[in-house]
Amino acid sequence: MPKIHILKPETARLIAAGEVIERPASALREILDNAIDAEAGEISVEIQKGGIDLVRVRDDGTGMSREDLALSILDHATSKIENPEDLLKARTLGFRGEALASIAAVARIDITTKDASSESGWRLTKAPGGEPRISPVAARMGTTVEAQAFFETYPARRQFLKRAVSEAFQCRTVFLEKALCHPGIRFLWQTGETKEHLEASDLSTRLALLYPELAPSRLEVHRWGVESGKATLAYADPSIHRRDRKFLQIFVNRRKVPEWGLAGIIDYAFSEYLPGGMHPVAFLFLEIDPKEVDFNIHPAKREVRIRRLEDLKTAILAEMRVLFKLKFGAGPTDLSGQLSSRDFSWPARPDAFSSHPSEAPFWERLIAEAPQEQYQAPQKMGFRYIGRASGPFILFEREASLYVLDQHAAHERILYDRMLESSPSSQPLLVPALVELESEDQEKRLAALMPELKRLGFKIERSGETFVVDEVPSFLGEQALPVLLDSLKETNPGDAPAKRLVATMACRAAVKDGDRLEDAAAKDLIEKALALPFPRCPHGRPIWAILDMETLYKMVGRIP
Ligand code: ADP
Ligand code: MG
C-alpha cells in the first residue's frame, strides 16, 4: 500500500496560505501593499483584538471592476505582471497574486470596491472553504478589504497566535513601516479607542510623527544617486544615539529589510562621531532597479538579495563619509583618543563588513543589551586600544603593560556571568519553532533542563516528543536555538548539568577565534573584560596574557 497520497486541494491551499499569512499582521501588510499599489492617496486601517477579530483597510485608490473583483481572490490572480521577465521589472509591492487568495483561505473576507468606470460598487463576501458571493452596493471609489476571524477554521495555526496585545504590536509595526515608506500618503490608524491621523507630508515630518521620542531633533534628509537607483538617508545628529539599533533601519524598494551589511556600513560611517558601542539614528531608503534585487526568496518577502551589494556598500560609505565630514566637521575623530587614523583610511575595505545575518548583529545585540549601569565605560579602566592581531587576539596597553586578549575566552566569560547572574529578557520567535530531538537521551536532558532554560529566558512547552519553543533569550536572538541544540549534544560530565549548559551555551554563542571584530566592538569587549571580577574563561583558562615593561625590556636583553 502506498504511503504517499496527494493532499486535498483545501489542505494544500491552507498550507500554502500559512506561508504567506502567518498572522493578522501579515494580512495587514499585504492589504496595505495592495492599497499602495492601487495609488491610494489616503489609507485608513482599523484592527480589533490585535487583528485576530478584524483587519479593515480602506483606500481611495483605483478600485476594481466586478470582473476583477471576482478574479482577485483566486490563486495566482494578479494585474501586476504577466510573464516571467516581468518579475524583474515589477515596481509594485505585490506581484505574485497570492495574497488575497491566501487571506481568503484563512479568514472571512469582504471586499467592497468601485472603479472609475463602474456605475455602482460591488461587494464580495467569502468564508474559508465557502463560495464567494458578489452583490452590488453603493460605494465610493476605492477599495475596502475586511478580514475577520483569522484561522477560525484552522486550529493548528490559531493556537500559535499570541495574545491580542502582541498581535496588535505586530500590526502596528507593519503600519509604521508602511507609513514611513510612504510619507506622501495620508494614513489613519484606529484600534479600540485609539485614533491617529498622519497627514501627507515629507519624510522628516513623518518620521517625527511616528517616533515622537526622536523629537525635538528634526532629522536631516540627504538624497543622492547610486548605481541603478537612488538613496535617501534620514539621520540625526550624532549627539543623539542609542545602545540598540532600533533607529537604524534599512529599506529597499519600500520594504524594511534585515540587511545587516548595510546597517554595519552606517554604523561604521558614524562610529567616528559616536562613543564606542553606540548606534546612530539613521534610516536608509534605497530605490533600486527591480532587476538588481530579488524579493522572491521569502514567502512574505521579508528578505532581499541585492546584486552587487559590495559595490553598493562601498558607494554608500563613500557618500556618508563626505557628508558627515561636511556636516559634523572633522569631528572628534575618536572620543577617547584611542583610534589611529588608519582605521578610517579611504578606500574602505568593504570586506570588513558582513552581510551574513548571523555574524554582525549578534555581537551588536550583545553590546546593545548590556545593562547600562553594569557596563558603562568606567574611566578608571583607561586603556589604549592597539588593534587586532592574528587569530583570536586583541592588543591593548594599560598601566605600562601590554595585554594580549583572547577574544573568544573573554566573551565567553562575559556571557557566562551574565547568564548566571541576571534574569535575561525574552523575545518571541516570529514563528514558534518545533524541536524534535535526535535521541531519547537528549529529550530527557532537555526535559530536566526546562526550569533552568526558563530562567535563562526560553519559553518551551512539551507536547509529546515535540518541544515547542515560543520565546528565546533576547541576547541570543536567532542563535538561541542552534546554540541550545548544540549544547544538548555535549555529554561531558562534571559540573552540575545546568551550569554546564550555561557554559556550553556561552562557548557556542561567544565570538569565534577568527571573527574580525570592528574596533568599536573590540574596545567594548576590552572594557567588559577589564570589569570582570574573575578574568578566566568558564573552563578556567586566563582570558589574557600580560607583559609588563620590565619583562619586555628583559626579553630584548635591555635590563635597565
Ligand atoms: P498581487 O498584489 O500580488 O497582484 P493580490 O492577491 O494581493 O496579488 O491581489 C490580486 C489583485 O487584486 C491585484 O493584482 C489587484 O489587481 C487587485 N487588488 C487587490 N487589492 C486591491 C486594491 N486595494 N485596489 C485595487 N485593486 C486591488
Ligand atoms: Mg498584493
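A residue counts as buried when its relative accessible area is under 20%, as exposed when that area is over 50%, and as partly exposed in between. The structure described here is a predicted model. Burial is taken up below together with the salt bridges, the ligand site and the strands.

The model holds 34 salt bridges. One of them joins Arg255 to Asp33, with the closest N and O atoms 3.9 Å apart. This pair links distant parts of the chain. Arg255 belongs to strand β13 (residues 255-256), whereas Asp33 belongs to helix α2 (residues 24-37). The two residues are 222 residues apart. Arg255 has a relative accessible area of 4%, so Arg255 is buried. Asp33 has a relative accessibility of 1% and therefore counts as buried too.

A second salt bridge brings together the side chains of Arg186 and Glu42, at 2.8 Å from N to O. Arg186 lies in strand β7 (residues 186-191) and Glu42 in strand β1 (residues 42-48), so this bridge ties together parts that are 144 residues apart in sequence. Here the partners are not buried. Arg186 has a relative accessible area of 22%, so this residue is partly exposed. Glu42 is partly exposed as well, because its relative accessible area is 30%.

A third salt bridge is formed by the side chains of Glu397 and Arg384, 3.2 Å apart from N to O. Glu397 sits in strand β19 (residues 393-398) and Arg384 in strand β18 (residues 384-388). These two residues are 13 residues apart. Glu397 counts as partly exposed because its relative accessibility is 26%. Arg384, at 45%, is also partly exposed. Some salt bridges share partners. Arg29, Asp33, Glu177, Lys178 and Arg255 are joined in this way into one network.

Strand β13 also takes part in a sheet. This open sheet has five strands, in the order β9-β10-β15-β12-β13, and its pairing is mixed. Its edge strands are β9 (220-226) and β13, each of which pairs on one side only. Strand β12 (residues 248-252) and β13 run antiparallel and are joined by two bridges. Arg255 of β13 is the bridge partner of Val252. Arg255 thus appears twice in this account: in the salt bridge with Asp33, and in the pairing with Val252.

Helix α2 holds Ser26 in addition to Asp33. Ser26 has a relative accessibility of 12%, so this residue counts as buried. A polar atom of the Ser26 side chain lies 2.9 Å from the backbone nitrogen of Glu22.

Strands β18, β19 and β20 give a further set of pairings. Strands β18 and β19 run antiparallel, joined by four bridges. In this pairing Tyr385 has Phe396 of β19 as its bridge partner. The hairpin of β18 and β19 has four residues between the strands, and Gly391 takes a positive phi near 60° there. Strand β19 also pairs with strand β20 (residues 401-406). These two strands run antiparallel and share six bridges. Leu395 stands opposite Val404 in β20. The hairpin of β19 and β20 has two residues between the strands, and Glu399 takes a positive phi near 45°. The faces of β19 can be told apart. Ile394, Phe396 and Arg398 make up the covered face, while Phe393, Leu395 and Glu397 make up the uncovered one.

Ligand 1 has 19 residues around it, of which Asn34, Thr78, Ser79, Lys80 and Gly97 come nearest. This shell divides into six nonpolar, nine polar and four charged residues. Several contacts reach oxygen atoms of the ligand. A polar side-chain atom of Ser79 lies 2.5 Å from one oxygen atom of ligand 1. A side-chain N or O atom of Lys80 is 2.7 Å from an oxygen atom of ligand 1. Leu100 contributes through its backbone, with an N or O atom 2.9 Å from an oxygen atom of ligand 1. Taken alone, ligand 1 exposes 530 Å², and the protein buries 93% of that.

Leu100 can also be compared in position with Asp75. The two are 25 residues apart in sequence, and their C-alpha atoms are 8.3 Å apart in space. Asp75 is found in the loop between α3 (66-72) and α4 (99-106). Its relative accessibility is 39%, so Asp75 counts as partly exposed.

Key: Residues are numbered from 1 along each chain as its sequence is written. Chains are lettered from A and ligands numbered from 1 in the order in which they are written. This is a predicted model: local features need pLDDT of at least 70, side-chain atom pairs count only at pLDDT 80 or more; totals for chains, interfaces and linings use all residues. Side-chain values use heavy atoms; hydrogens and water are left out. A salt bridge is a side-chain nitrogen of Lys or Arg within 4 Å of a carboxyl oxygen of Asp or Glu. Buried means under 20% relative accessible area, exposed over 50%, partly exposed in between (1.4 Å probe, protein chains only). A residue is near a molecule or strand if one of its heavy atoms lies within 4 Å of it. A polar contact is a pair of N or O atoms within 3.5 Å; within protein, one must be able to donate a hydrogen and the other to accept it, and residues adjacent in sequence count only if both atoms are side-chain atoms. Accessible areas come from the Shrake-Rupley method with a 1.4 Å probe; for residues, only the protein chains shown count as cover. Ala, Val, Leu, Ile, Met, Phe, Trp, Tyr, Cys and Pro count as nonpolar, Asp, Glu, Lys and Arg as charged, and the others, Gly among them, as polar. Two strands pair if DSSP finds at least two bridges between them.
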